[in-house]
Amino acid sequence: MAGARFVPLLTALLGAWVAAASGDEGPEQAAVPAEPSRVQPMTASNWTLVLEGEWMLKFYAPWCPSCQQTDSEWETFAKNGESLQISVGKVDVIQEPGLSGRFFVTTLPAFFHAKDGIFRRYRGPGIFEDLQNYILEKKWQSVEPLTGWKSPASLTMSGMAGLFSISGKIWHLHNYLTVTLGIPAWCSYVFFVIATLVFGLFMGLILVLISECFYVPLPRNQSEHSEQNQRSEEAHHAEQLQDAEEEKDDSNEEENKDSLIDDDEDEAEEEEEEDNVAGGVDEERSNSNDQSPLAEGSVVQEEVGPVGTEEDAPEQAHSVDTEVAESSLRQRQSQQANKGS
C-alpha cells in the first residue's frame, strides 16, 4: 500500500524534472541565430555592382526543381567566396524579369561569370567543386565573352530588359485579374487587346504632334511660287524635248534627200552605160552590114552557103542585143542590191 502511494508522487516529480529540463534547453536553442546567407540577391537597382570586380551569378525560379537541387551547392560556393576573392549573387527571374531579359536567359538554372564588366556564360554543373575549379584554374579565360550587342551592358540588351519588364508586369496584372479578382481569362485577354489598340492610337497621336512641332509649313505665297516655278520648268523641259524631236526629224529628212539624190545619180549613170552599150551595138551592126556585100561577092559560086549567111546575120545581131541588155540588167540589179545592203 505504501508503494502504491509513492507512485503518483514519483510520476509528478519526473514530469516536473522533464519540464524543467526542456525549459532550460529552450532558451539556449532559441538564442542560437541562423547563419545568414552569403549569396547576394540581385535586382534591377543593384545589378550594376557586377560591372566591377569578379562575380558569379545564378538565375533561378522558385518552382524550378533543378534550381532547388543546386541551392545548397551555391550556398557553399558563396561561403568560400572570400577565399576565392569572388562575389556570389542570384537573380529570381519571377521577381526580376528585366534582368533575365538583359542576360537573355532561356534555360534554368543559368550561370554567368563577370570579370570587370566582361560577361561569360558558365555551362558546367552547379557543383561546388566544379565552380571552385572554374575560378581557381581560370577556366573562364577559354570561354568566349559576350561582347557587342550581346553584352548585358549594351544598349540593345537594355531595350530587351525593358521588354521583359513590361511582359512581367502584364503577367502579374493578368494573374491579379484572374486569380485575385476572379475575372474569366477571356475577359482579361479582351482587356489587353483593347488596351493595346488604345495605346497604339495614343502613341500615333503623339508622333503626329511631334512631327507637327518640328515641321514648319511654307507660307501660301511661297508654295504658289514654287508650284509656278515647277510648272515653268516642266514646260521648258517639254519644249526642249519637242525641239530635239524636230531636229531629229529634220536630220532624217536630209538623210532621205541625200539617199534619193544618190539613187538618181546612180540611175543616170546606169542609163549612160546602157546608151553606150546600145551605141556599141549599133556600130557593130553597121560594121556587119558593110562587110556583108564583100562576103556575098566572094562566095557567089556557093549555092546554099551565102544564102544561109545573109539570113542568119539579123538573128546573130538580135542575139547580141539581148545578151547586152541582159548583162546591163544584171549589173543594175547587182548595184541596187549593194545599195540596199
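The questions below concern the central sheet, helix α6 and one buried arginine in a predicted model.

Q: What makes the sheet open, and which strands are its edges?
A: Five strands are arranged in the order β1-β3-β2-β4-β5, forming an open sheet with mixed pairing. The edge strands are β1 (40–41) and β5, since each of these pairs on one side only.

Q: How do you know that β2 and β4 pair, and in which sense do they run?
A: Pairing requires at least two bridges. Six bridges join β2 to β4, and these strands run antiparallel; the criterion is therefore met. One of the positions concerned is Glu54, which stands opposite Lys115 in β4.

Q: What supports the pairing of β2 with β3, and in which sense is it?
A: β2 and β3 (residues 87–92) are linked by six bridges in the parallel sense, against a requirement of at least two. In β3, Ser87 is the bridge partner of Trp55, and Lys90 stands opposite Lys58.

Q: Why is β2 called largely enclosed?
A: Seven of the seven residues of β2 are buried, so the rest of the structure largely encloses this strand. Buried means under 20% relative accessible area. On one side the buried residues are Glu54, Met56, Lys58 and Tyr60, and on the other Trp55, Leu57 and Phe59, so that both faces are covered. In a regular strand the side chains alternate between the two faces of the sheet.

Q: Why are the buried residues of α6 said to line one face of the helix?
A: In α6 (residues 128–136) the buried residues are Phe128, Leu131, Tyr134 and Ile135. Viewed down the helix axis, they fall within an arc of 130°, and therefore line one face.

Q: What covers the buried residues of α6, and which residue with positive phi follows the helix?
A: The cover includes the strands β2 (54–60), β4 (110–115) and β5 (118–122), together with α3 (71–79) and α4 (81–84). Lys138 follows α6 and has a positive phi, near 55°.

Q: How do you know that Arg102 has no salt bridge?
A: Arg102, found in helix α5 (residues 97–102), is buried, and the nearest side chain of opposite charge, Glu96, is 9.2 Å away. A salt bridge needs a separation within 4 Å, so Arg102 has none.

Q: What makes the pair Arg102 and Ser158 a polar contact?
A: Their side chains are joined at 3.1 Å, and the cut-off is within 3.5 Å, so the distance qualifies. Leaving aside residues up to four places away in sequence, Arg102 touches Trp47, Pro152, Met157, Ser158 and Ala161.

Methods: Residues are numbered from 1 along each chain as its sequence is written. This is a predicted model: local features need pLDDT of at least 70, side-chain atom pairs count only at pLDDT 80 or more; totals for chains, interfaces and linings use all residues. Side-chain values use heavy atoms; hydrogens and water are left out. Buried means under 20% relative accessible area, exposed over 50%, partly exposed in between (1.4 Å probe, protein chains only). Helices (H or I, at least four residues) and strands (E, at least two) are DSSP runs, numbered from the N terminus. The arc is that of the directions from the helix axis to the C-beta atoms. Contact means heavy atoms within 4.5 Å. Lys and Arg count as positive and Asp and Glu as negative; His and the chain ends are not counted. A polar contact is a pair of N or O atoms within 3.5 Å; within protein, one must be able to donate a hydrogen and the other to accept it, and residues adjacent in sequence count only if both atoms are side-chain atoms.
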